[in-house]
Amino acid sequence: MPRAQAAVIIPYHGGERIGDCAICGRLKDVETSFSKYLAPQFDRPLPAEAGQLVVLPGLAAAGDDRQVRRCPSCGALYDLLRYSEYHMNGAEDSEELRRMSAAGAADFARGQAWQLESLRREIDDLQDAAGALGDYIDRGRPAGEEGRSAYAAMQEKREAAAVRLQVLADRVEALRSVCPEIIAAWADAHSRVCRSLLATLPQRSEDEQTARFVVRSWLESWERLPAGGDAFISASSPWLSGYRDLLERELAPGS
Ligand SMILES: [Zn+2]
């Protein structure tokens, strides 16, 4: 299986090293904090070691009230949840810092891999739509208002794809160094689908040989991805219409 070569942090494989870690060894599996506006006598902050955990950048769907943090020493992952309650006499804030189990960390990586995949699909769909409009303009030669609106629609799809390409590139770049497990989960799922297709696709007709050629080039790109190369790898081909379904099975929870 291809793994990230450029990982800055050792991927986290479970809790067996927690006791040896200077940071995690001082944190319980669950830590909580409490603070109340204008009532410092009730303050109960998180242990200082919680502040040494690094916030993971490049995650999808993480807001102000949820962060994922990583221990810079042993790689353990933590969920940090923040709650605010508003009362007549001021707000009460609390936090919960929860260490992920090995299974929880694998679920987290798969969930984030799915977010990357959703973004990748949006780009594929937008580029396909722009390509179809381009073909229509080239071949149909629509005149007047029809031509102008087809051209405008094509430009709009291209621009929307470009915006998402940049988001994907930034996210992949960040995750390669701070959480390579996510990139590996994503790339491994694609690689498994490509390998199973190469093992089962027939190669009699010219179309079937083209399909095999396409899958082989995708596989090379996915094997390269954890360490480098383009963040966007198309999975759109008229010869491989069932590809998305196969991939969904690979990324499904519990797979
Ligand atoms: Zn640690």
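Here are a few friendly points to follow as you look through this structure, starting with the metal site and moving on to the two domains.

1. Please keep in mind as you read that this is a predicted model.

2. Start at the zinc ion. Which residues hold the zinc ion as protein donors? They are Cys21, Cys24, Cys71 and Cys74, each through its SG atom, lying 2.3 Å from the metal. Try finding these cysteines in the sequence too: the donors follow the spacing C-x2-C-x46-C-x2-C along the chain.

3. Now look at the geometry. The angles among the 4 donor atoms run from 103 to 117°, and the site of the zinc ion is tetrahedral. The limits for that label are 85 and 135 degrees for all angles, so a site with four donors inside those limits earns it.

4. Are Cys21 and Cys24 buried or exposed? Cys21 has 6% relative accessibility, so Cys21 counts as buried. Cys24 is buried as well, because its relative accessibility is 0%. The cut-off behind both calls is that buried means under 20% relative accessible area.

5. Next, step back to the whole chain. The domain assignment gives domain 1 as residues 18-102 and domain 2 as residues 105-251. Taken over C-alpha atoms, the centres of the two domains are separated by 36 Å.

6. How many residues of each domain are in contact with the other? There are 13 from domain 1 and 13 from domain 2. Between the domains, about 1000 Å² of area is buried, and carbon and sulfur atoms give 62% of it. On the domain 1 side, Gly58, Ala60 and Arg70 lose the most area to domain 2, together making up 39% of what that side buries.

7. Arg70 deserves a second look. Besides being among the residues of domain 1 that lose the most area to domain 2, Arg70 forms a salt bridge with Glu181, with the closest N and O atoms 2.5 Å apart. The count of salt bridges between domain 1 and domain 2 is 1, and 5 residue pairs are in polar contact between these domains.

Technical notes:
Residues numbered from 1 in each chain as written. Predicted model: local features only at pLDDT ≥ 70, side-chain atom pairs only at ≥ 80, totals over all residues. Heavy atoms only, no water. Donors = N, O, S within 2.8 Å, 3.2 Å for Na, K, Ca; no water. Tetrahedral: all angles 85-135°; square planar, octahedral: opposite > 155°, others 65-115°. Buried < 20%, exposed > 50% of the residue type's maximum accessible area, 1.4 Å probe, protein only. Domains from an automatic or database assignment. Contact = heavy atoms within 4.5 Å. Buried area = accessible area lost by both parts, 1.4 Å probe. Salt bridge = Lys/Arg side-chain N within 4 Å of Asp/Glu carboxyl O. Polar contact = N/O pair within 3.5 Å; in protein donor to acceptor, adjacent residues only side chain to side chain.
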